[in-house]
Amino acid sequence: MMRLTTRLVVPFYVCAVFSGDLFAQRGPAQVDVAEIVEREVAAGQIFVGTVLPIKRSVIGSAVGGRVEKFPVNEGDYVRAKQPLAQLLTNTINLELDAEKAELDFRKHERDELMNGTRPDEIKKAKALMLAAKAGTEYQQKRLKRLESLYSRKAVNDDDIQQVVSESIRSEQLYQEASAAYELAVKGPRKEKIDQAKSRVAIQEAVVDKLESQIIKHTIISPFNGYVVAEHTEVGQWVSSGELVAEVIALDEVDVSVQVLESHVSHVRLGMDVRVEVPALPDKVFTGKVALIIPQADVRSRTFPVKVRIKNTITDDGPLLKSGMLARAVLPTGSRQKALLVSKDALVLGGLTPMIFVVDPGSDQQKPGKARAVPVQVGVASGRLIQVKGNLKPGEHVVIRGNERLRPGQDVVIRNILTPDAQPKAKAINSNG
């Protein structure tokens with residue numbers, strides 16, 4: 001958290017007289033402390049780099065069309081799949097409505113065949129079959145009577161031929177009605193149902209194609225990020241492949257540095273790296289080596305190394321912005337003994353980083369004193385960071401409650417924590 005300090009210009013003797021009384025009125029500050037530890041770390045060196053987004057997308061239009069809506073501006077935060085631009089789709093919408101109606105018609109045809117013959121239709125076919133059967137039986141009996149009369153010469157040839165014809169015709173009608181009844185009972189053929197299903201599938205493909213075209217007329221953001229460039233406006237015609245906007249992701253950022261070939265062998269994937277950003281002097285960041293590009297610049301013999309840092313997003317935008325100057329401390333030599341403290345012990349914002357060492361009182365009944373020690377900061381190791389200054393291993397440094405301490409102020413140790421204790425209330429915004 002950034003401290004805002006108001007400085008008052010007062011005579012030195014006034015400060016000398018009243019400073020002790022002021023601390024006495026406040027009373028001892030309660031602080032949490034952790035020990036300074038001595039461990040082996042690799043020698044480090046500062047490399048200058050640039051803050052870069054982990055993802056950048058220059059978004060173009062998949063189809064040609066006129067821009068109807070362009071609701072975003074440079075600097076706007078957009079979410080994944082949020083529309084960046086909308087092209088006109090009136091004609092395609094009309095085609096889609098017509099093809100959807102045709103699809104409904106095809107589906108009704110398919111459903112009609114799949115549902116089979118209705119019971120009422122089966123009853124009707126059966127009744128027609130029985131009527132035809134009754135007619136056939138009547139004609140057969142009539143034919144037998146006439147044949148008996150014909151044998152006695154009671155009827156002529158024309159009469160008997162007419163009855164024979166009617167008997168044959170009634171038999172054919174019965175066969176037709178019987179076949180119709182059997183078809184009604186069995187229902188539509190499987191081939192007919194398959195044909196209907198195929199017609200539905202073809203029509204669904206037509207509808208899907210039109211819907212896909214409409215989707216392509218809406219240009220969306222591929223991920224959460226910030227719009228950093230506009231390439232079109234409302235009313236402008238864009239062709240297929242033409243640029244619309246540029247979006248970058250800044251939830252995490254990469255600090256890209258160039259490391260000499262003699263030093264790159266000491267860099268390992270996943271190792272902790274301290275990063276300073278001159279534009280944010282009161283902040284310290286810790287990232288991890290995410291990429292070591294195994295292709296050197298043949299002119300400088302340097303290898304690109306990317307340190308990934310979790311960014312802080314506020315209402316005013318991202319804390320780390322693309323293009324910022326950064327300095328990363330990377331290991332460049334053999335391991336050596338060094339003093340390490342919790343990152344939360346650092347107090348930044350002044351001319352040099354500083355930590356508060358607690359000097360114990362003469363006895364346990366008296367509070368200790370906060371002693372400000374300027375330090376030089378080195379490589380990071382997890383939540384610990386290398387410091388150089390007037391320090392000794394085992395001394396206690398303040399890691400909670402140091403944001404308002406003053407040199408020489410009385411302090412009471414509330415808790416002695418491990419050096420890598422997780423922060424609760426930090427004097428700085430560190431990411432690690």
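Q: In which strand does arginine 39 lie?
A: Arginine 39 belongs to strand E2, which comprises residues 37–60. Strands (E, at least two residues) and helices (H or I, at least four residues) are DSSP runs, numbered from the N terminus. The model is predicted: local features need pLDDT of at least 70, side-chain atom pairs count only at pLDDT 80 or more, and totals for chains, interfaces and linings use all residues. Residues are numbered from 1 along each chain as its sequence is written, and side-chain values use heavy atoms, with hydrogens and water left out.

Q: Why is arginine 39 called partly exposed?
A: Buried means under 20% relative accessible area, exposed means over 50%, and partly exposed lies in between (1.4 Å probe, protein chains only). The relative accessible area of arginine 39 is 42%, and therefore the residue is partly exposed.

Q: Which residues, apart from its neighbours within four places in sequence, is arginine 39 in contact with?
A: Contact requires heavy atoms within 4.5 Å. On that criterion, the partners of arginine 39 are Gln336, Lys337, Ala338, Leu340 and Leu384. The C-alpha atoms of arginine 39 and serine 381 are 9.9 Å apart in space, although 342 residues separate the two in sequence.

Q: How do you know that strand E9 and strand E12 pair?
A: Two strands pair if DSSP finds at least two bridges between them. Strand E9 (residues 243–260) and strand E12 (residues 302–310) share nine bridges in the antiparallel sense, so the criterion is met. Strand E11 (residues 285–292) also pairs with E12, through four antiparallel bridges. Valine 307 in E12 is the bridge partner of valine 255 and also of valine 289.

Q: What makes E6 and E8 edge strands?
A: The order E6-E5-E3-E8 describes an open sheet of four strands with antiparallel pairing. Strand E6 (218–220) and strand E8 (237–238) each pair on one side only, which makes them the edge strands. Within this sheet, strand E3 (residues 65–69) and strand E5 (residues 83–87) are joined by two antiparallel bridges, and valine 67 stands opposite leucine 87 in E5.

Q: How does the radius of gyration of the chain stand against that of a compact globule?
A: The radius is taken over C-alpha atoms, and the globule rule is 2.2 Å times the number of residues to the power 0.38. For 432 residues a compact globule would have a value near 22 Å, but the chain has 45 Å. Along the principal axes, the C-alpha atoms fill a box of roughly 160 × 55 × 45 Å.
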